[in-house]
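Colleague: I would like a close look at one helix pair and how it packs. Please add the ligand surroundings and any unusual backbone afterwards.

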Amino acid sequence: MEYTEWLKYKDLEYRDGILYFENVNTLDLAKKYGTPCYIINENMIRKRYNELKNIIDSEYIKNDIHFAVKANSNISILKILDSEGSHFDCTSRGEIYTCLKAGIFPEKIIYTGNMFTNEDFEFAIINGVVVNLDSLSQLERLERAYNKLKKEKKPVSFRINPEFGAGHHIHDITAGKDIKFGILEDQVIEAYKKARELGFRDFGIHQHIGSGINNPYDFERATKKFLSIIKKIIDSLHIKFKFIDFGGGLGIPYHPEEDPLDLDLYKEIVIKPFKELVNTEDIGEPIFKIEPGRYLSAESSIILTQINTIKDNGYKLFAGINAGFNTLIRPTMYNSYHHIIVCNKKEKVRKLKYDIAGPICESGDILGKERDLQELKEQDYLAILDTGAYGFTMSSTYNSRPRPAEILIKNGRSFKIREAESYDNLLKLQIIPDHLK
Ligand code: LLP
């Protein structure tokens with residue numbers, strides 16, 4: 001894809017040298033709300049949701065897309081997706097709580113935690129949320145929790161580890177024999193047999209092989225294994241699954257040389273084989289589910305940041321900005337690439353190579369390494385792209401730096417959807433014992 005087209009795909013374009021995001025002047029936003037701040041494009045979230053939904057609908061109509069709330073848990077974002085018909089995937093009680101506060105019905109939530117406590121199970125049961133188990137040992141505890149609360153059992157599901165994973169970084173490959181997630185093929189029959197013995201009547205099944213996958217063939221390999229495991233369960237236990245969940249992991253083009261994931265190919269190698277299984281086996285009519293986080297939200301957001309310091313140490317050029325790994329940890333944590341561009345493009349200036357450095361007191365606080373940019377000046381503004389997934393949700397207050405505001409833009413208008421934190425917010429929960437007062 002040509003560069004300006006790639007930017008356009010993310011709803012970004014330069015007009016008279018100024019960067020616009022969804023028809024909004026980014027310099028105006030930076031001045032109005034201060035920096036750093038997260039800007040989130042509502043229409044982009046709706047667009048990505050519908051693109052994916054249409055592809056799945058075109059092959060298999062009985063489907064749910066569960067947004068992985070860990071990617072972005074702002075209540076307004078959840079409400080946007082809810083209004084499109086999205087379902088939700090939660091990994092903690094806190095995420096379920098947030099969804100319920102957003103007005104999302106519990107039937108739309110699946111709870112794929114790991115290392116579940118009894119309190120987690122009770123919370124899910126009280127709130128009417130389906131649990132997706134991560135270990136055989138959790139099954140009896142879940143059953144005891146249902147009995148204790150005298151509630152009718154919801155469907156139970158197991159996360160399968162298909163022993164093949166993929167992802168943009170080793171920390172994000174979530175399948176394989178030595179990976180903590182899910183149950184291996186050898187325990188699968190025992191798991192569903194035992195679930196039946198314990199009185200569960202309805203079943204789901206799930207896998208999630210990793211995150212940030214740009215090669216559709218990785219999904220193909222995992223799907224083949226997953227479907228063969230499902231067939232094994234059907235053959236020996238004659239279970240009719242209520243749902244089959246293929247997890248998330250769909251990547252996005254963070255780098256201008258990358259293309260968007262080929263959704264038609266994804267359909268061919270994931271949805272079609274699933275449909276074939278449904279058509280050829282006595283399996284009922286399971287709901288096809290997926291759980292994308294990044295695909296739906298990453299491209300909806302940019303961070304606006306201002307340069308405070310240009311440092312030439314005689315060897316290297318640094319552009320010092322007011323966003324750091326407290327604001328966006330992905331470059332430091334996973335060596336992830338986030339494209340960085342200027343908000344005010346100047347004509348006829350030389351190009352230089354910069355390390356884009358945050359203010360955190362660690363040398364790993366570099367948000368972009370060796371970036372070719374126009375000659376930068378102190379007070380210039382930059383935009384860090386594709387920060388809508390695992391951006392704000394992984395931010396911190398390290399170095400006592402309050403988290404930034406989140407601003408939603410829609411059809412040229414802007415709305416603050418989260419205040420920037422204050423120093424008092426940071427200290428609010430601390431308690432000084434009497435002897436130190
Ligand atoms: N479902 C399950 C069970 C998951 O564990 C995850 C992500 C997802 C769905 C959504 O995956 P996605 O479609 O967003 O790839 N912090 C990392 C990503 C960690 C993902 C963990 N699990 C990052 O910034 O890249």
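Modeller: Here is the helix pair, followed by the ligand and the backbone. Keep in mind that this is a predicted model.

Two packed helices are described by the angle between their axes and the distance between the axes. Helix α8 covers residues 185-197, and helix α9 covers residues 216-237. Their axes lie 10 Å apart, at an angle of about 45 degrees. That angle makes α8 oblique to α9. The crossing of α8 past α9 is right-handed. On the α8 side, the contact uses Glu185, Val188, Ile189, Tyr192, Lys193 and Arg196. On the α9 side, Lys225, Ile229, Lys232, Ile233, Ser236 and Leu237 take part. By class, this contact of α8 with α9 has 6 nonpolar, 5 charged and 1 polar residues.

Now the ligand. There are 21 residues around the ligand, and His168, Ser211, Glu291, Arg330 and Tyr390 come nearest. Three polar distances are worth listing:

- Lysine 70 has a polar side-chain atom 3.5 Å from a ligand oxygen atom.
- Aspartate 89 has a side-chain N or O atom 3.4 Å from a ligand nitrogen atom.
- Arginine 294 has a polar backbone atom 2.8 Å from a ligand oxygen atom.

Last, the backbone. Most residues other than glycine have a negative phi, and most peptide bonds are trans. The bond from threonine 35 to proline 36 is cis, with omega near -5 degrees. Proline 36 sits in the loop between α2 (26-33) and β4 (37-41). Lysine 150 has a positive phi, near 50 degrees. Lysine 150 belongs to the loop between α7 (138-149) and β9 (156-159).

Conventions: Residues are numbered from 1 along each chain as its sequence is written. This is a predicted model: local features need pLDDT of at least 70, side-chain atom pairs count only at pLDDT 80 or more; totals for chains, interfaces and linings use all residues. Side-chain values use heavy atoms; hydrogens and water are left out. Axes are lines fitted to C-alpha atoms, for helices over the stretch in contact, and angles run from 0 to 180 degrees between N-to-C directions. Helices (H or I, at least four residues) and strands (E, at least two) are DSSP runs, numbered from the N terminus. Angles under 35 degrees count as roughly parallel, over 145 as roughly antiparallel, 65 to 115 as roughly perpendicular and the rest as oblique. A crossing is left-handed if the near helix is turned anticlockwise from the far one by less than a right angle, and right-handed if clockwise. Contact means heavy atoms within 4.5 Å. Ala, Val, Leu, Ile, Met, Phe, Trp, Tyr, Cys and Pro count as nonpolar, Asp, Glu, Lys and Arg as charged, and the others, Gly among them, as polar. A residue is near a molecule or strand if one of its heavy atoms lies within 4 Å of it. A polar contact is a pair of N or O atoms within 3.5 Å; within protein, one must be able to donate a hydrogen and the other to accept it, and residues adjacent in sequence count only if both atoms are side-chain atoms.
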